Amino acid sequence: MRTTVAPPLGTQLARIKTNIREQIESGVLSEGQKLPSERELSELFSTTRITIKDALIALETEGRIYREERRGWYVSPQRIRYNPLCRSHFHQMIRDQNRIAETRLVNVRSEMAAGEYAQALEVNTITPIHIIERLRCIDGRAVLFVENVLKASLFEGILSENLTMSLTGIYREKFGYETLRSRFDVIPTSAQAHVAKALNLAEGQPVLKICRVNYKQDGELMDCELEYWRPDAMMICIDSVE
């Protein structure tokens, strides 16, 4: 009786990844197109769903594909280039790359600074803050959830402004604040429940977190931004000339 020996898992996994990657690169699978289900892929490649899942997660890590909670896997659009040193606002950055930007206001709340917010704002006394939660989309896809955390004493009346617009522009026009400098912390992490819900992820999926602390022209720390990006949506490009 002839026995068939299955190929090593690593070889099989690499073969599946290469095949799907080549279909994306050749245009057989186009940007935004939904992939077959994991069950269908396991049948196509004559392998287990576990192996398919591992291959898809590896391609997700490369930024080739992305997941939508309860909907499946899709081919990722081209990453946008993000230079944190650039002073242009989100909509301008996206327009400059011939893409379409949209900002949606999710929630606004006022409370006392504590935990991560107090640490980012470097406060050690009871400090009222405003937290503005916004969802940002590129070409209709939600890719970025942002929490803007403001020292309330510096921004009287800001909550009555159109908060889907550039906050940097509001700072300048309403309060006369210019950003003198910013400090950045970039942290790969997992999506908390409220972030996952906004970005249509499963709780715990990887996100790229950027904490930006901003100082106004007199050197006073005025606010911080906590950005949570879908990792496949952007690449950080540092260019000190911009």
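Helices here are DSSP runs of H or I with at least four residues, numbered from the N terminus. The model is predicted.

**Exercise 1. Place leucine 29 and decide whether it is buried or exposed.**

Step 1. Locate the residue. Leucine 29 sits in the loop between α1 (9-26) and α2.
Step 2. Apply the cut-off. Buried means under 20% relative accessible area. Leucine 29 has 10%, so it is buried.
Step 3. List its contacts. Set aside the neighbours within four places in sequence. Leucine 29 then touches Ile20, Gln23, Ile24, Leu35 and Val75.

**Exercise 2. Find how many Å separate the C-alpha atoms of leucine 29 and glycine 157.**

Step 1. Take the sequence separation. The two residues are 128 residues apart along the chain.
Step 2. Take the distance in space. The C-alpha atoms of leucine 29 and glycine 157 are 49 Å apart.

**Exercise 3. Describe the backbone and the exposure of serine 46.**

Step 1. Read phi. Serine 46 has a phi near 50 degrees, a positive value in a residue other than glycine.
Step 2. Locate the residue. Serine 46 lies in the loop between α2 (38-44) and α3 (49-61).
Step 3. Classify it. Exposed means over 50%. Serine 46 reaches 62%, so it is exposed.

**Exercise 4. Do the same for aspartate 139.**

Step 1. Read phi. The value for aspartate 139 is near 55 degrees, positive in a residue other than glycine.
Step 2. Locate the residue. Aspartate 139 belongs to the loop between β5 (128-138) and β6 (141-151).
Step 3. Classify it. Aspartate 139 has 42% relative accessibility, between the 20% and 50% cut-offs, so it counts as partly exposed.

Note on methods:
Residues are numbered from 1 along each chain as its sequence is written. This is a predicted model: local features need pLDDT of at least 70, side-chain atom pairs count only at pLDDT 80 or more; totals for chains, interfaces and linings use all residues. Side-chain values use heavy atoms; hydrogens and water are left out. Helices (H or I, at least four residues) and strands (E, at least two) are DSSP runs, numbered from the N terminus. Buried means under 20% relative accessible area, exposed over 50%, partly exposed in between (1.4 Å probe, protein chains only). Contact means heavy atoms within 4.5 Å.
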